[in-house]
2 protein chains.
Amino acid sequence: MNKWVYSFEEGNATMRELLGGKGANLAEMTNLGLPIPHGFTITTAACMDYFKSNEKISDEIMGQIKKALKDLEAKQEKKFGDNENPLLVSVRSGARASMPGMMDTILNLGLNDKSVLGLAKRTNNPRFAYDSYRRFIQMFSDVVMGLEKPKFEKVLSVIKANKGYTYDYELTDKDLIEVINKYKEFYKENLGSEFPQDPEEQLYLAIEAVFKSWNNPRAIYYRRLNDIPGDWGTAVNIQSMVFGNMGETSGTGVAFTRNPATGEKQIYGEYLINAQGEDVVAGIRTPSQISRLEYDMPEVYKQFLSIAETLENHYHDMQDMEFTIENGKLYFLQTRNGKRTAQAALEIACQMVDEGMIDVKEAIMRIDAKSLDQLLHPKFNEEALNNAKLIATGLPASPGAAAGRVYFDAESAKKAHKRKQRVILVRNETSPEDIEGMHIAEGTLTQNGGMTSHAAVVARGMGTACVCGCKAIDLDMEARVMTLGDVVIKEGDFISLDGATGKVYLGDIETKPATLDGNLERIMSWADKYRRMSIRTNADTIADAKKAVEFGAEGIGLCRSEHMFFKNERIIEIRKMILASNKEQRQEALDRLLLFQKEDYKGLYEVMNGLPVTVRLLDPPLHEFLPKDGNIRELAVEMNRDYEEVLVQCDALKEFNPMMGHRGCRLAITFPEIARMQARAIMEAAIEVSVATGVEIEPEIMVPLVDELKELKFVKNIIVEEFEHVFAYYNKRLNYHIGTMIETPRAALLADEIAKEAEFFSFGTNDLTQLTFGLSRDDASKFLDSYYQNDIYENDPFAKLDTEGVGLLIKNAYKLGHKKNKEMHMGICGEHGGEPSSIEFVNAVGLDYVSCSPFRVPIARLAAAQAEIKRLAAKENK
Amino acid sequence: MNKWVYSFEEGNATMRELLGGKGANLAEMTNLGLPIPHGFTITTAACMDYFKSNEKISDEIMGQIKKALKDLEAKQEKKFGDNENPLLVSVRSGARASMPGMMDTILNLGLNDKSVLGLAKRTNNPRFAYDSYRRFIQMFSDVVMGLEKPKFEKVLSVIKANKGYTYDYELTDKDLIEVINKYKEFYKENLGSEFPQDPEEQLYLAIEAVFKSWNNPRAIYYRRLNDIPGDWGTAVNIQSMVFGNMGETSGTGVAFTRNPATGEKQIYGEYLINAQGEDVVAGIRTPSQISRLEYDMPEVYKQFLSIAETLENHYHDMQDMEFTIENGKLYFLQTRNGKRTAQAALEIACQMVDEGMIDVKEAIMRIDAKSLDQLLHPKFNEEALNNAKLIATGLPASPGAAAGRVYFDAESAKKAHKRKQRVILVRNETSPEDIEGMHIAEGTLTQNGGMTSHAAVVARGMGTACVCGCKAIDLDMEARVMTLGDVVIKEGDFISLDGATGKVYLGDIETKPATLDGNLERIMSWADKYRRMSIRTNADTIADAKKAVEFGAEGIGLCRSEHMFFKNERIIEIRKMILASNKEQRQEALDRLLLFQKEDYKGLYEVMNGLPVTVRLLDPPLHEFLPKDGNIRELAVEMNRDYEEVLVQCDALKEFNPMMGHRGCRLAITFPEIARMQARAIMEAAIEVSVATGVEIEPEIMVPLVDELKELKFVKNIIVEEFEHVFAYYNKRLNYHIGTMIETPRAALLADEIAKEAEFFSFGTNDLTQLTFGLSRDDASKFLDSYYQNDIYENDPFAKLDTEGVGLLIKNAYKLGHKKNKEMHMGICGEHGGEPSSIEFVNAVGLDYVSCSPFRVPIARLAAAQAEIKRLAAKENK
């Protein structure tokens, strides 16, 4: 017989795979002797068993749950479903990785029409008892039966309005009985049956609802965003209730051992008197700072601080805790390693190294490399900020500067984003349904809720700016307008947010890029010691190259030479080159392009100051350089050519599947003169800069879209011939390296062949992914959503490397390439080069470098260090 | 020291790799004691050495050539370059595989201003001597120096016109001296140097020219057409000259031991009195039938017949021979296995089996499977033919019926073909420059030349119709008009040719498909005994399915269900389905489509009568079903919808790279209702036909473009669910099989995973090739020519399977699939399924079947037998 249920006494912190994070930590805290209400955990394995058994909880599992419930009754000296002294429980999800707000919770379970009387009598607090029952009906109906909470809120508001009340706490016990009756009526009307009175039935349905919540769309979306596999499942924690809603000596709160926004070492959190947990998280009432507790309940506060310190020392990490005070007695309901902004993560890691709590290696591993992205986001241009109109201030919930057009719901925000608009999402408060909207938004602004409200937690996780609790907002959803004092902002107008200060400005304030200093610089220097791979950048402009070097790039891994062709005076020459009627005309245009290209390369060589620069030969199909249909007439005039003729030529260049068309080295084979021009420009630039600066330069030139050794050989011959001409002309030789992209499956399969002529391989994982899947990146959006919803893909393979399919090709090519040439230098360029899990994969394969966009260089440096630390640890454990 | 040169006495027929076909056979004949002029062969290895040494003949090779020349002088008792008794030689190419007319030949080499006098004196035939020198200057200048022959012909015509001559033979020896002097002047004017007088220089340049001819564009094109590798090289044969141009007791000819057009057992050929070899092949003078030789020179004819019989018995195959008669003495200059039409190949193979000359296995191997295509080409509809206007009759040079628009040169023909026109190429005579034009033409018609003229040989090889020597043609290239009697045909007008009768008709005569009978049926029945793989067909219509069954298909391997959607009343429903604004509208359209689909499948099941039918679910991107831009307004009206709205919807369906877009199983995942409809239609049709006919049917359903096990699982679940509904409704179950296309590299790489849910794999080699190479079939034509010219590709990978890259994926998937499921049934569909070399490859891999278009079924049956015979032979030899 499998063990599906563990009492808190039976578990510990190492069992999170089985018990989920919440369950494992409740067990750990129980065994540390902390004040934890008794309870037990149904394992993640039970959840997966539920899905495998066609969504049925097996008799074996139900048996163990009932047994655990009996034990719990004994410990609490209460009886589940008893009319005099009922045991009430909370039912909460708890996955292996924390997924805050993603899944479902039910409180006060076990109440019914009879036991609520017993509870009222026993606690001598009828108002509390009826409030609890009211909450339970509302939560159970929402979470288990799908009858949404706002509908109950409407029932409640009617009653409040009738009585002339503003706040919930004005409701008397009599009023609450009325509310309960109305709720039950409403339940029956909508669901066609009575609200379930049997606590065992309540429990079964609640557990099932938590299991099911693992596969709700929010949870699937969150998993994809956070790389959590779909087959982990969630555990369910059944815990004896303690009540923060018993009156003025009761309350509930959440707190962090250090500041999760800045990392400052100071207890940080909020609590509400006379409330249950969901009131804090939902952000409906604005709670008090945790420091106020010292005045409200000094003894409890002292005990709280001491337990918080115990927990941080025990876990060696910043803790995020939930607690409840029932009639002056403190209980802990949860602890976990706290989510934090990237800024806080760096600060806490550095502090803890300085405090001797963790070592440098541990500090490196502590930072979520992806999250550094937040710090590398732009900040407001200070001058622009000085002239900006401040229109409101809220809570600084997630740092970063953001400017965009306001939209008042997630749907409109997403549509605007698809129209390529920058978006600020403005809501009264956010709920899990808003996650996708928040994800595509530059920033989120809410009227209600504190620093630990849903909006704040989620925005920090995403690294987007967020200002919360901005009371000044008056949102008119009908008119699609928000008013802040005398400022009226229509949907679609620009505002700017500073998530680090909580300030809201009118208009579209210019932003400026971030720099690398302080803690980030310190962590980077640690990471550099541990990583094995070098980090290059994809840069085509001097500005990009400068930024990348500032961020620690050790070379340019991919200079897309065609990007240089789009500047104004160049595009006309490239068009003339493409549309030339004969070789002579083409050569004329190429001669002029040569001068431009040479200048471009000289600029890059100067900035890179001897670091490697890998230039890829012209790659895109030529029609990409042509004007859209409407402007061909203009072009014809400019070229002094017949319009019809140019039109026919442009049409002839169109392709059915341009991704697989006349591009890459195919261009160099049909128009060798273009490759000659580029080769000459590269080498002339290198020699001239080398002579002028005295810095040794070794140009690297990369041939794209190679399928076949003979292609590479052909293009290489052209390059070498041109190089020799240049050497002869300047009477000077430079070392150089000629390599190839591996970006078609065929090249990867036959890498040993191709290695005969290549000095290096650069895996073009964008194209390689497209071809391996037969999936066009530009068209995939039409169906990827269905794939996520149906649990077919967990991730976008263009964001996160497909290690099974594409990865197999990379591994294979690595082996074959090395078999032929032990010295072969290999790396990846493309989106995956800056994505931590992909970096971990290619580090394990053995590649020598990754190349990514300048802003991702710090992420790559850290991820490469983490990857190598993991690899060595795994090797040791073998 | 390598041996680079072999005298004819040193070689034999098995040495064709080294000596080329011509050299090996000359050696064999020499050793058989036949009358062969002495000579020697420079090996193919020497040719490849020449290319490797930057186009230089090494000293070692030249040394061996000079030594062989000395031996030849001794045998002939003549001296190379001697003024009294000069040795003259022919220099001819000879590759391992016969490439008629593809490469170069020089006759009479060794003549110069002085030796021509000696030759005149010694032969006492000055006219012959000067004629030989004239020919030599002309040929050498053309072949070696690139000064084209027609330019010399012009010089000649001027002299002939001045003298009032019509024919060459009217020229006297004096006249010929004048011609020679003019030729030499013309040579000097154009090339800036004197015509080379040193015979050793002549020889070196001639050998070099033959080597170089291996890589001329014609040869490269021919090799690609005939799957001949580029690294074989050509041998060079140096042979002592014998002269057919010594007068009326001299002559030259070519002959076949059996009729190469029909296979009839009867000596067949042509000769010209007083001529050299090139006169026959070039087709300028119309030669006499070989049977006339019996009257002209009875003794020679008797000897000729006896040698021809000896050769056929020796080689066990029909021989194609060249001979020369010098002053009444017969010499053989070449023998080889004769090229023949497919019809002749079948006839000869059957005859030889009946004669006991070869066994059945050998007969199977004798037929070029690709060539069967000719027999399976349409013939004229007899009724239409009866009403057609016969405008001329020529020689029936290559069988088959062809109708198309006339074009008068290869360039115009190719352009018309690109405009999707059917083309008939009409020429005075064809030359190797016309090959590409002939290849794309339905048929070729020439004014001059006999059954062995260039046009005839090439057309037979290609299996296209050809009518030669149609004297009635008067071609005005200036006016672009041809006149046949009183009929004037402009370029672009329609004519029709019957290559089996030599008849030329006015207009575009309807053709009808061929049938399988006689020798073809006999060979097919032999092939069926030897093949291991089964042969299925790609058929979407009842007509196709019927044809395929008639041709021996053992099932449908690929029914592209979407092809059924294009018929008139269906396309509107599919458009409604695609553009539906909601699920209800979509379902309505689907309900109507269901009825159509069901009828379609019932038709196929009835025709196939229990043979397997594999239906592929809807595959192409939906926008393929939408009307082109102009007709959207019409569609909107028809659908009673707002035009702008429909336009936006149509636009939204456009894709950047449709090949890698929203298609294949991705459609079934986003619109499961379509897959449901198809599954239901398939199973309902199968049950109804099964019940009605009593024939057991096991539907096979194939999921396209699968990348990932979960995709297949998702779609399979839908199919199985629908099948179960149908079974319940009809209260009857059928066995069925659900499989998948393997057409993305990812599917091939992870075939073991995918095999978990698939009962069969069908390799979609069209898509697999596109994705493995990153090469769009529709766009590749833009650069493939450059690839051939630069010797990067030898074949179009869409015509002939890339066994290195794509083949590796197939091998891999075969192994992985079988590892998971030993019973897994695997085949290929797509173009390669009917291509013999691809069939050989997949047979060796171990696949169970190929599926090809109906007209290729007989080719596939034969190729599969040949493949298995080869595989077993190779296994035995191991």
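This passage walks through two helix arrangements and two buried residues in a predicted model.

Helix α6 of chain A is a good place to start. It runs over residues 149-163, which makes 15 residues, and its first and last C-alpha atoms sit 21 Å apart, close to the 21 Å expected at 1.5 Å a residue. Five of its residues are buried, namely A:Phe152, A:Val155, A:Leu156, A:Ile159 and A:Lys160. They share one side of α6(A), because the arc they cover around the axis is only 135°. The spacing behind such a pattern is familiar: an α-helix has 3.6 residues a turn, so residues three or four places apart point the same way. Turn to the other side of α6(A), and A:Pro150, A:Lys154, A:Ala161 and A:Asn162 are exposed.

As for what the buried residues of α6(A) pack against, the partners are α5 (126-143) and α7 (173-191) of chain A. After α6(A) comes A:Gly164, with a positive phi near 75°.

One residue of α7 in chain A gives a view of this region from the other helix. A:Phe186 lies in α7, and it counts as buried because its relative accessibility is 16%, below the 20% cut-off. Setting aside neighbours within four places in sequence, A:Phe186 is in contact with A:Leu147, A:Lys151, A:Phe152 and A:Val155. Of these, A:Phe152 and A:Val155 are also among the buried residues of α6(A). A:Leu595, by contrast, is 409 residues away from A:Phe186 in sequence and 78 Å away in space, C-alpha to C-alpha.

Further along chain A, helix α27 (residues 672-693) meets helix α28 (residues 709-730). Their axes come within 9 Å and cross at roughly 40°, so α27(A) and α28(A) are oblique to each other. The crossing is right-handed. On the α27(A) side, the residues making the contact include A:Ala675, A:Ala679, A:Met683 and A:Ile687, along with charged ones such as A:Arg676, A:Arg680, A:Glu684 and A:Glu688. From α28(A), the contributors include A:Ile718, A:Ile719, A:Phe723, A:Val726, A:Phe727 and A:Tyr730.

Over in chain B, B:Arg663 sits in the loop between α24 (643-653) and α25 (665-670). Arginine or not, B:Arg663 counts as buried, because its relative accessibility is 4%. Leaving out residues up to four places away in sequence, B:Arg663 touches B:Asp619, B:Pro620, B:Pro621, B:Pro658, B:Leu705, B:Glu743 and B:Asp767. B:Ser851 lies 188 residues from B:Arg663 in sequence and 22 Å from it in space, C-alpha to C-alpha.

Terms used:
Residues are numbered from 1 along each chain as its sequence is written. Chains are lettered from A and ligands numbered from 1 in the order in which they are written. This is a predicted model: local features need pLDDT of at least 70, side-chain atom pairs count only at pLDDT 80 or more; totals for chains, interfaces and linings use all residues. Side-chain values use heavy atoms; hydrogens and water are left out. Helices (H or I, at least four residues) and strands (E, at least two) are DSSP runs, numbered from the N terminus. The expected span of a helix is 1.5 Å times one less than its number of residues. Buried means under 20% relative accessible area, exposed over 50%, partly exposed in between (1.4 Å probe, protein chains only). The arc is that of the directions from the helix axis to the C-beta atoms. Contact means heavy atoms within 4.5 Å. Axes are lines fitted to C-alpha atoms, for helices over the stretch in contact, and angles run from 0 to 180 degrees between N-to-C directions. Angles under 35 degrees count as roughly parallel, over 145 as roughly antiparallel, 65 to 115 as roughly perpendicular and the rest as oblique. A crossing is left-handed if the near helix is turned anticlockwise from the far one by less than a right angle, and right-handed if clockwise.
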